[in-house]
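Q: Could we go through this structure together, one topic at a time? I would like to begin with charged side chains and then turn to the strands.

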Amino acid sequence: MEYVKECNEKMDKSIEAIKVSMASLRAGRVTPALLDKVTCDLYGETSPLKYGATITVISPTDLQVKPFDPSTTKNIIGGINKADLGCNVSQNGAAIILKFPAPSEDRRKDLIKQAKKYSEDGKVAIRNIRRDYNDKVKRDDTLSEDMKKNMNDDIQKATDKHIAEIEKLLADKVKDIETI
């Protein structure tokens, strides 16, 4: 049963990764998670934006980025522009304001396409985990044929459960995007 437990844990980690990816897609209100994948040059190293600034929501469509060190403002703006978030970037004193317009129909379609890609990538990861653990069970000579069959059945049940969870995450995200 150790194989089934390990398999479930790995699949759970894949689901968490998909949740993080889906959170970076804007649906409705802006959130600091939109900037999770933004990197910029901080003191000669490429680092995530959150390591060099505080990010706060100032309205349903606006984010404020306040660099810890004002000398990094230019690099942070460059990183935000490079990330192509579809927002207007302006500087207000020491703060950087990001204004996100309501997404156009094309932008919504792009967001849905991206959500589907994250979902498909997650399903592939789950299936790869299933294959790996089915192979481990198959090669384990200490298990009887019945035990191997039962473990493979349990691994398949875990796979089905996690795939269904990914489908639900996708459906929820698509619904959020379509109602913007």
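**Charge pairs, hairpins and a surface patch**

A: In this predicted model, a salt bridge brings together the side chains of arginine 127 and glutamate 120, with an N to O distance of 3.7 Å.

Q: Is arginine 127 buried or exposed, or something in between?

A: Arginine 127 counts as partly exposed, because its relative accessibility is 34%. Its partner glutamate 120 is also partly exposed, at 38%.

Q: Why might such side chains pair at all?

A: Side chains of opposite charge can pair when their charged atoms come close.

Q: How many salt bridges does a search of the whole structure find?

A: The search finds ten. One of them joins arginine 108 to glutamate 105, at 3.8 Å from N to O.

Q: How are arginine 108 and glutamate 105 placed along the helix?

A: Both are in helix α3 and three residues apart, so about one helical turn separates them.

Q: And arginine 108: buried or exposed?

A: Arginine 108 is buried, because its relative accessibility is 17% and the limit for buried is under 20%.

Q: What about lysine 168; which residue does it meet in a salt bridge?

A: Lysine 168 meets aspartate 172, with 2.9 Å between N and O. The two residues lie four apart in helix α4, which spans residues 145–178, and this spacing is about one turn of the helix.

Q: How accessible are lysine 168 and aspartate 172?

A: Lysine 168 counts as exposed, at 53% relative accessibility. Aspartate 172 counts as partly exposed, at 34%.

Q: Which residues are linked in a network of salt bridges?

A: Glu16, Lys19 and Glu165 form such a network.

Q: Changing topic to the strands: how do β1 and β2 run, and how many bridges join them?

A: β1 and β2 run antiparallel and are joined by four bridges, with β2 covering residues 45–48. One of the bridge pairs sets threonine 39 opposite proline 48 of β2.

Q: What lies between β1 and β2 in the hairpin?

A: Two residues lie between the strands, and tyrosine 43 is in the turn.

Q: What is the phi of tyrosine 43?

A: Tyrosine 43 has a positive phi of about 55°, although it is not a glycine. Most residues other than glycine have a negative phi.

Q: Is the tyrosine 43 residue buried or exposed?

A: Tyrosine 43 is exposed, because its relative accessible area is 61%.

Q: Back to β1 for a moment: which side chains point to which face?

A: Cys40 and Leu42 point to one face and are buried, whereas Thr39 and Asp41 point to the other face and are not buried. In a regular strand the side chains alternate between the two faces of the sheet.

Q: And how do β3 and β4 pair?

A: Strand β3, residues 53–59, pairs with strand β4, residues 62–67, in the antiparallel sense over six bridges. Alanine 53 has proline 67 in β4 as its bridge partner. The hairpin from β3 to β4 passes through two residues.

Q: Before the strands begin, where is leucine 34 found, and is leucine 34 buried or exposed?

A: Leucine 34 is found in the loop between α1 and β1, the latter being residues 39–42. Leucine 34 counts as buried, because its relative accessibility is 8%.

Q: How far is leucine 34 from serine 24?

A: Their C-alpha atoms are separated by 4.5 Å, and the two residues are ten apart along the chain.

Q: Last topic, the surface: which residues form the positive patch?

A: The positive surface patch is formed by Lys10, Lys13, Lys136 and Arg139. The elements that give two or more residues to the patch are α1, residues 2–23, and α3, residues 105–139.

Q: Where do lysine 13 and lysine 136 lie, and how accessible are lysine 13 and lysine 136?

A: Lysine 13 lies in helix α1 and counts as exposed, at 62% relative accessibility. Lysine 136 lies in helix α3 and is partly exposed, with a relative accessible area of 30%.

Q: How far apart are lysine 136 and lysine 13, in sequence and in space?

A: Lysine 136 and lysine 13 are 123 residues apart in sequence, and their C-alpha atoms are 19 Å apart in space.

Terms used:
Residues numbered from 1 in each chain as written. Predicted model: local features only at pLDDT ≥ 70, side-chain atom pairs only at ≥ 80, totals over all residues. Heavy atoms only, no water. Patch = residues over 30% accessible without salt bridge, like charges linked within 9 Å, V, L, I, M, F, W, Y side chains within 5 Å. Areas by Shrake-Rupley, 256 points an atom, 1.4 Å probe, with all protein chains shown as cover. Salt bridge = Lys/Arg side-chain N within 4 Å of Asp/Glu carboxyl O. Lys, Arg positive; Asp, Glu negative; His and termini not counted. Charge placed at Lys NZ, Arg CZ, Asp CG, Glu CD. Buried < 20%, exposed > 50% of the residue type's maximum accessible area, 1.4 Å probe, protein only. Pairing = 2+ DSSP bridges.
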